[in-house]
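Please find below my notes on the model, set out as numbered points. They begin with one chain as a whole and then turn to individual residues.

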There are 4 protein chains.
Amino acid sequence: MSQTDMNIFETLESEVRSYCRSFPTVFTKAKGYKMWDEDGKEYIDFFSGAGALNYGHNDPKLKAKLIEYIQNDGITHSLDKATTAKGAFIKSFNDVILKPRKLDYKIMFPGPTGTNTVESALKLARKVTGRTDVISFTNGFHGMTIGSLSVTGNASKRKGAGIPLQNTVTMPYDNFVNEDSNTLQYLERFLEDNGSGVDIPAAMIVETVQGEGGINVARFEWLRKLESICKRWGILLIIDDVQAGVGRTGTFFSFEEAGITPDIVCLSKSLSGYGVPFAITLFRPDLDVWSPGEHNGTFRGNNHAFVTATAALDYWKDDSFEKEIKKKSKMTLDFLKEIADKYPELKGEVRGRGLMVGIACGEEELASKVAAEAFTRGLIMETSGPKDEVFKLFPPVNIDEEGLKKGFEIIEESVKSLVKEAVTN
Amino acid sequence: MSQTDMNIFETLESEVRSYCRSFPTVFTKAKGYKMWDEDGKEYIDFFSGAGALNYGHNDPKLKAKLIEYIQNDGITHSLDKATTAKGAFIKSFNDVILKPRKLDYKIMFPGPTGTNTVESALKLARKVTGRTDVISFTNGFHGMTIGSLSVTGNASKRKGAGIPLQNTVTMPYDNFVNEDSNTLQYLERFLEDNGSGVDIPAAMIVETVQGEGGINVARFEWLRKLESICKRWGILLIIDDVQAGVGRTGTFFSFEEAGITPDIVCLSKSLSGYGVPFAITLFRPDLDVWSPGEHNGTFRGNNHAFVTATAALDYWKDDSFEKEIKKKSKMTLDFLKEIADKYPELKGEVRGRGLMVGIACGEEELASKVAAEAFTRGLIMETSGPKDEVFKLFPPVNIDEEGLKKGFEIIEESVKSLVKEAVTN
Amino acid sequence: MSQTDMNIFETLESEVRSYCRSFPTVFTKAKGYKMWDEDGKEYIDFFSGAGALNYGHNDPKLKAKLIEYIQNDGITHSLDKATTAKGAFIKSFNDVILKPRKLDYKIMFPGPTGTNTVESALKLARKVTGRTDVISFTNGFHGMTIGSLSVTGNASKRKGAGIPLQNTVTMPYDNFVNEDSNTLQYLERFLEDNGSGVDIPAAMIVETVQGEGGINVARFEWLRKLESICKRWGILLIIDDVQAGVGRTGTFFSFEEAGITPDIVCLSKSLSGYGVPFAITLFRPDLDVWSPGEHNGTFRGNNHAFVTATAALDYWKDDSFEKEIKKKSKMTLDFLKEIADKYPELKGEVRGRGLMVGIACGEEELASKVAAEAFTRGLIMETSGPKDEVFKLFPPVNIDEEGLKKGFEIIEESVKSLVKEAVTN
Amino acid sequence: MSQTDMNIFETLESEVRSYCRSFPTVFTKAKGYKMWDEDGKEYIDFFSGAGALNYGHNDPKLKAKLIEYIQNDGITHSLDKATTAKGAFIKSFNDVILKPRKLDYKIMFPGPTGTNTVESALKLARKVTGRTDVISFTNGFHGMTIGSLSVTGNASKRKGAGIPLQNTVTMPYDNFVNEDSNTLQYLERFLEDNGSGVDIPAAMIVETVQGEGGINVARFEWLRKLESICKRWGILLIIDDVQAGVGRTGTFFSFEEAGITPDIVCLSKSLSGYGVPFAITLFRPDLDVWSPGEHNGTFRGNNHAFVTATAALDYWKDDSFEKEIKKKSKMTLDFLKEIADKYPELKGEVRGRGLMVGIACGEEELASKVAAEAFTRGLIMETSGPKDEVFKLFPPVNIDEEGLKKGFEIIEESVKSLVKEAVTN
């Protein structure tokens with residue numbers, strides 16, 4: 001295959017393109033935690049498609065199933081007609097994921113992207129309660145369409161709407177103000193005082209760990225208190241598990257360890273297992289007040305995704321996978337703490353849970369420099385947070401120890417070179 | 001393969017499911033214009049995934065390319081990183097589609113669904129103009145997320161939002177009021193009178209043929225007048241070609257024959273050619289004022305779609321394909337006119353352009369009965385319009401004459417049986 | 001009394017001041033249809049406080065009652081406590097105005113200004129129906145607070161809001177598109193087609209004659225058809241009679257001759273009779289679903305206004321006053337027609353009903369020049385319309401023939417001098 | 001004068017009436033701090049028209065000026081034309097109030113009510129900054145029209161809008177969360193973190209003492225910190241001094257003692273001095289970006305109010321009046337503390353500043369019972385707060401000691417009788 005001309009992107013693709021600026025090469029092949037560009041250079045992938053590739057690239061078992069399905073002319077696109085592949089997914093998801101966790105949820109196919117599931121969740125919550133407002137949290141990220149953007153915190157993304165974003169109230173996430181403050185006491189005062197200007201909302205939408213917002217982790221007790229506040233006031237609790245779900249924090253759902261049961265759950269990204277577009281919305285059966293077709297979408301029935309998603313559920317048939325993730329999470333957090341200690345110039349604060357982790361750097365632009373340096377050394381890694389102050393480690397959750405260690409090495413070398421540079425200057 | 005239990009859908013899938021109610025069987029395999037259910041029953045597909053399968057199911061050339069790509073571990077998911085498959089798509093799309101039509105457009109990847117491209121178009125128009133309002137048209141359909149829903153006419157879909165939909169003004173589509181009225185004179189009065197309560201909008205968004213809205217066709221002169229009004233007032237013209245584009249009306253873009261050049265074009269549905277999720281937004285280079293990442297999304301880089309979409313462009317390398325579609329369009333319209341004449345009980349009005357056609361029935365619920373009857377006889381066909389009064393023929397645009405005629409037969413038999421029944425009763 | 005320094009206004013009053021720019025003098029005294037400035041110059045008032053002084057300035061009977069009341073230390077300010085003066089007003093208004101017209105209305109005191117009554121009407125309509133949208137009409141004017149401004153057409157006034165104005169849809173007023181078009185056919189199509197994007201609104205709010213909008217007169221049949229459309233769809237009909245009411249069009253309410261019965265009526269401006277702030281909202285008893293204090297305001301109980309308003313009702317005890325107004329209306333319209341004929345350079349179109357009349361000039365800025373010229377010659381007169389193209393005659397409705405004729409003379413001289421000038425140039 | 005039939009109000013006035021339910025009699029005459037009903041019963045007025053009668057009823061000096069003006073046929077209604085009375089007011093207000101306080105403000109006449117001035121302030125702030133959002137505070141009260149209601153906290157008042165209230169964010173007032181919390185630290189975190197979901201607003205609008213909200217007093221240091229936050233972020237500070245201004249807290253403006261200088265000030269209620277409708281908006285000259293007539297209103301020029309307001313400024317020509325108010329404030333606060341101590345059954349918390357004071361009762365409905373009991377004993381007093389938990393003492397600020405003591409006696413007797421009753425039960 002001939003080389004791709006990078007000019008193609010510069011002249012024909014919109015200025016909105018972004019990651020191709022941070023990772024300026026043409027990728028062509030990938031397997032597990034490795035990617036290769038057209039020059040044959042190998043990269044360790046600690047980015048995982050922003051959480052859409054938790055099982056790594058092109059997992060062999062999923063790949064085999066997908067090719068077989070395509071070869072047999074299985075239905076590819078079905079809107080919301082019933083298909084064999086869809087039936088198999090629904091059954092497996094219920095058997096492998098929902099039942100063992102005692103979660104009694106109906107499954108909705110809202111369209112194949114994260115923002116589709118979030119928009120469907122917001123609509124449903126408003127319909128069920130007859131209320132218009134939704135409470136979201138500082139530095140929450142829920143998507144780019146107007147409904148989802150309205151509950152997203154980032155100022156520049158919000159500005160992109162070009163219209164005032166309405167029907168939402170932002171409340172402080174855990175630890176938003178400072179470590180001592182009790183942000184839920186603040187929230188609850190607004191609910192209990194009927195002169196507060198904040199009406200009882202239809203729902204609260206929250207991530208248990210904020211990925212885009214800077215790897216902010218809500219404490220389990222904070223989540224439990226949030227759940228109890230929702231119950232007290234008859235507010236629906238929506239967990240947006242698009243990025244933190246599907247194993248990223250160590251369990252299938254990110255909220256399992258907190259011991260809470262959301263009313264509505266949003267899943268997408270790694271749900272298909274193979275990186276193809278797929279999303280579902282889960283909710284308590286008594287909330288299923290939709291009229292037929294009241295929310296729809298052309299790509300609700302992406303059967304390739306049904307096939308790979310069903311195959312990916314094999315990872316979850318017993319608890320061995322969870323244990324593996326926890327082991328690697330510990331390795332990764334230990335590594336990060338070591339780095340933060342060893343290189344005080346980072347002014348580093350280790351953040352995260354499971355394999356959704358990173359270091360918030362006290363020095364401006366340092367995180368971006370670390371990520372850029374790592375890229376030239378063959379590792380792909382993103383930054384996040386309101387000022388891009390966090391470099392974020394998102395290896396595939398099924399990465400092996402060798403892969404992890406290779407990644408750690410590159411990161412440490414990158415940090416070291418930057419810190420040395422800074423000292424020299 | 002064992003049979004799928006239909007109970008799975010009834011007990012585990014949300015009440016929002018819709019098409020599986022009209023077509024109550026489990027589909028398992030498809031090829032070209034044919035689908036088979038688990039009982040082995042064959043169906044002629046005159047639905048084409050609501051316009052997402054214009055090339056039919058599992059087109060063999062596209063299938064071969066896709067399997068080859070997967071087998072070679074090509075990148076599957078890339079966000080907006082540069083990949084070989086993406087580069088190839090951009091280049092081909094420019095060479096095969098844009099250049100020959102003298103369309104100088106930048107390409108944006110807004111996420112893989114129709115509503116993603118519409119939301120990105122609305123955002124861009126508002127950013128470019130600094131205005132908040134958008135004019136949409138009666139019976140327009142643009143998507144289910146809040147931004148797109150705001151420009152969608154259907155009352156029950158709008159109600160699903162649970163919040164007032166804002167920043168839009170609905171104007172009458174061609175022929176909305178009656179055949180004599182000049183709906184654009186009405187529209188222009190609102191623009192020119194500064195006491196009209198309608199501010200100059202950022203954009204107008206319109207379909208050249210309204211699919212969901214009831215196969216309403218805008219006359220070319222109406223479209224040209226609309227374009228000139230937009231030019232006069234500095235309003236951006238957005239053509240939503242999600243359903244009418246990619247050959248459905250006989251040309252790649254539905255607006256080609258009208259001789260207009262939209263400022264922004266939305267494409268999705270059949271763009272991937274294979275029924276996998278894919279969408280792009282096209283716009284004049286001078287409108288490309290996006291900041292990097294200002295609009296984003298996890299599934300902007302669905303490389304399977306890049307591969308099949310590139311392969312599908314082969315259909316458009318010369319004008320033979322367009323000629324074929326036109327021929328079949330004529331056959332289909334002739335058939336419909338014949339039916340309307342032969343069965344006056346239908347009170348049928350033939351509508352449409354290209355292979356986006358149907359009959360509006362003057363008798364309530366009759367269209368739905370025709371579609372239901374056709375289904376039992378082995379043909380899949382949808383209804384549309386504000387009262388589901390239109391039965392809608394959407395065969396694959398590459399269907400052969402044999403397929404078309406088989407479909408016609410079933411439709412005529414279905415009509416005949418219902419009309420007879422009605423007469424007997 | 002010493003002369004007032006005009007600098008006071010220029011240096012200390014906000015740039016928002018407006019009429020003092022058109023009428024650049026300091027007024028100090030007024031009586032009936034006459035005003036005097038500090039230099040002792042006399043002016044004929046054909047402006048009547050934009051309809052707030054229909055009985056002229058300082059009507060002697062009202063003045064006597066008011067002075068007596070103040071001297072006796074009658075309650076001045078009472079919020080919505082019961083007072084003797086309020087009781088007397090309510091009783092008289094019911095006896096003299098409502099009962100003889102067979103209008104069964106509850107009376108609400110929403111605050112003393114036009115925008116207060118409009119906002120209360122919109123709130124009530126939304127509460128009664130549970131719907132959010134309100135239909136207003138092109139070139140309608142209803143007030144400057146956000147709720148009222150949302151139903152006002154004027155673009156520059158709307159822009160002053162600084163926020164998008166929501167929850168309203170503007171429909172074309174009678175004759176808006178052109179003389180042949182049936183604007184209510186448009187409106188009804190939007191209501192009856194559930195794909196129109198226009199939801200059934202809570203209410204329609206309309207003026208029978210648009211004062212600020214350019215002296216646009218709705219035909220009685222148009223109003224009757226509008227009423228029947230409202231009835232058909234369960235929409236409340238709000239007549240904003242703030243400017244056209246209290247005798248301005250020849251009857252107490254401007255809608256009497258049309259034979260319609262609005263669900264809600266807004267009154268203010270001339271209601272107090274003396275030019276002091278006062279407004280009421282009238283509605284059918286079954287619509288009176290307010291909770292106590294749900295709408296309130298400090299100046300709901302302006303007892304000076306109760307006293308003068310009650311005294312002013314004497315004008316309406318029999319039909320002689322109506323007859324008088326009609327006579328003067330005829331004189332005025334005859335005069336305007338004569339002027340329009342005699343001075344074709346005006347390209348004048350006579351508009352109006354009752355004593356709410358004017359000439360729309362086909363020549364840009366001509367109306368403003370006529371008004372300015374008239375001012376220098378001792379007559380006060382306003383312009384209106386989206387381009388200030390109408391000069392507007394609003395004499396007190398109780399003006400005598402002598403006053404009318406004096407005014408006519410000045411107007412004709414002003415027109416003549418301008419036309420001559422134009423010809424000379 | 002014959003007796004007024006109370007049925008008039010019950011049958012003809014809207015259910016929205018409110019105070020006439022708490023004070024069920026017909027008032028007919030008033031003087032200073034006394035009111036009389038039609039039965040000749042005398043009442044001490046500790047309500048002062050909710051702050052609109054700070055100088056008591058029918059102040060003799062103002063009354064004389066007003067009668068003289070009316071007798072001489074002074075201009076009554078003038079829109080925003082220049083008049084002698086208006087010039088005199090502007091000059092006096094500048095000389096007596098603004099200059100001595102070193103306040104360099106332009107004066108705007110936005111219409112005669114509190115909500116008119118608030119709406120004009122919000123519009124201006126949005127126009128100056130080009131931003132849409134406004135920050136308001138918990139339990140703030142700013143008016144009943146949609147713009148003002150959007151920044152008002154009370155849930156039932158907000159619900160009365162019938163539409164979602166937009167473009168505002170509510171932040172916690174001083175002491176809202178608890179006594180230890182620093183509510184401005186919360187507010188500032190939202191401003192400084194660009195992922196907070198709270199955009200930098202056009203303005204903050206705040207009362208220095210919240211009257212309707214429950215006599216909540218902001219500490220001076222809180223106000224100063226708020227001012228410095230506004231300065232830091234380029235946000236306009238609007239002080240709504242409609243209720244707390246014009247001497248109610250002991251100085252003309254309520255913010256004088258805090259040492260802050262708002263960008264915009266809203267005044268109404270007691271501004272006319274006589275209880276007739278009047279309001280002004282004050283702002284820094286560099287903010288005066290209004291276009292002529294961009295905000296208007298029929299009753300901007302209520303000349304009776306100009307006359308009485310000018311006369312009332314005599315109270316402020318030296319500092320003796322301020323001293324008098326302070327003395328009476330101390331007496332009143334001492335009395336309230338004594339009551340709270342002596343009757344622990346009240347669970348009373350004394351609140352307030354100047355003569356804007358009250359007791360928040362820990363026992364539900366007790367405040368309302370105290371007010372009701374006081375009424376039967378001849379004293380008029382309001383309740384406020386989100387649960388009407390505060391009985392509120394608002395005597396005229398020029399009341400004499402005798403009047404104050406009479407009022408105290410009735411209040412203590414009322415409390416005693418209720419407490420005794422409670423104990424007995």
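1. In this predicted model, chain A carries 52 positive and 60 negative side chains, and the centres of the two sets are 3 Å apart. The surface that chain A exposes comes to about 13400 Å², of which carbon and sulfur atoms supply 48%.

2. Chain A contains 14 helices and 18 strands. Its radius of gyration is 22 Å, close to the 22 Å that the globule rule gives for 425 residues, so chain A is as compact as a globular protein of that length. The C-alpha trace of chain A spans about 60 × 60 × 45 Å along its principal axes.

3. Of the 425 residues in chain A, 69% are buried. When contacts in chain A are restricted to residues at least 6 apart in sequence, 73% of them join residues at least 24 apart.

4. How is chain A divided into domains? Domain 1 is made up of residues 7-58 + 320-424, while domain 2 takes in residues 74-316. To the contact between them, domain 1 of chain A gives 33 residues and domain 2 of chain A gives 34 residues. The C-alpha centres of these two domains of chain A lie 26 Å apart.

5. T249(A) deserves a comment, as it sits in the loop between β11 (236-240) and β12 (264-267) of chain A. With a relative accessible area of 3%, T249(A) falls under the 20% limit and is therefore buried. Neighbours within four places in sequence aside, T249(A) is in contact with V209(A), A244(A), S254(A) and E257(A), and also with R353(A), G354(A), L355(A) and M356(A). Domain 2 of chain A covers 74-316 and domain 1 includes 320-424, and the contacts of T249(A) include residues numbered in each of these ranges, among them V209(A) and R353(A).

6. T332(A) is part of helix α12 (residues 320-342) of chain A, and its relative accessibility of 0% makes it buried. Beyond its neighbours within four places in sequence, T332(A) is in contact with L355(A), V357(A), L393(A), L404(A) and F408(A). One of these, L404(A), is 72 residues from T332(A) in sequence, with a C-alpha to C-alpha distance of 7.8 Å. L355(A) is in contact with T332(A) and is also listed among the contacts of T249(A).

7. Two residues of chain B could be checked for their backbone angles. V246(B), which is not a glycine, has a positive phi near 55 degrees; it is placed in the loop between β11 (236-240) and β12 (264-267) of chain B, where it is buried at a relative accessible area of 1%. D388(B), likewise not a glycine, has a positive phi of about 50 degrees and is placed in the loop between β17 (382-384) and β18 (390-393) of chain B. Is D388(B) buried or partly exposed? Its relative accessibility is 37%, so D388(B) counts as partly exposed, lying between the 20% and 50% limits.

8. T152(B) is located in the loop between α7 (146-150) and α8 (155-159) of chain B, and at 1% relative accessibility it counts as buried. Its contacts, leaving aside neighbours within four places in sequence, are G140(B), F141(B), H142(B), G143(B) and R158(B). T152(B) is separated from T168(B) by 16 residues in sequence and by 9.7 Å in space, C-alpha to C-alpha.

9. In chain C, H142(C) is placed in the loop between β6 (134-137) and α7 (146-150), and its relative accessible area of 4% makes it buried. Apart from neighbours within four places in sequence, H142(C) is in contact with T115(C), V118(C), S148(C), V151(C), T152(C), I205(C), V206(C), E207(C) and D240(C). H142(C) and P262(C) are 120 residues apart in sequence, and their C-alpha atoms are 16 Å apart.

10. The last residue considered is L287(D), found in the loop between β13 (280-283) and α11 (303-312) of chain D and buried at 2% relative accessibility. Which residues does L287(D) contact once its neighbours within four places in sequence are left aside? They are L124(D), V128(D), L236(D), D263(D) and I264(D). L236(D) lies 51 residues from L287(D) in sequence, and the C-alpha to C-alpha distance is 9.7 Å.

Conventions:
Residues are numbered from 1 along each chain as its sequence is written. Chains are lettered from A and ligands numbered from 1 in the order in which they are written. This is a predicted model: local features need pLDDT of at least 70, side-chain atom pairs count only at pLDDT 80 or more; totals for chains, interfaces and linings use all residues. Side-chain values use heavy atoms; hydrogens and water are left out. Helices (H or I, at least four residues) and strands (E, at least two) are DSSP runs, numbered from the N terminus. The radius of gyration is taken over C-alpha atoms; the globule rule is 2.2 Å times the number of residues to the power 0.38. Buried means under 20% relative accessible area, exposed over 50%, partly exposed in between (1.4 Å probe, protein chains only). Contact means heavy atoms within 4.5 Å. Accessible areas come from the Shrake-Rupley method with a 1.4 Å probe; for residues, only the protein chains shown count as cover. Lys and Arg count as positive and Asp and Glu as negative; His and the chain ends are not counted. The place of a charge is taken as NZ of Lys, CZ of Arg, CG of Asp or CD of Glu. Domain bounds come from an automatic or database domain assignment.
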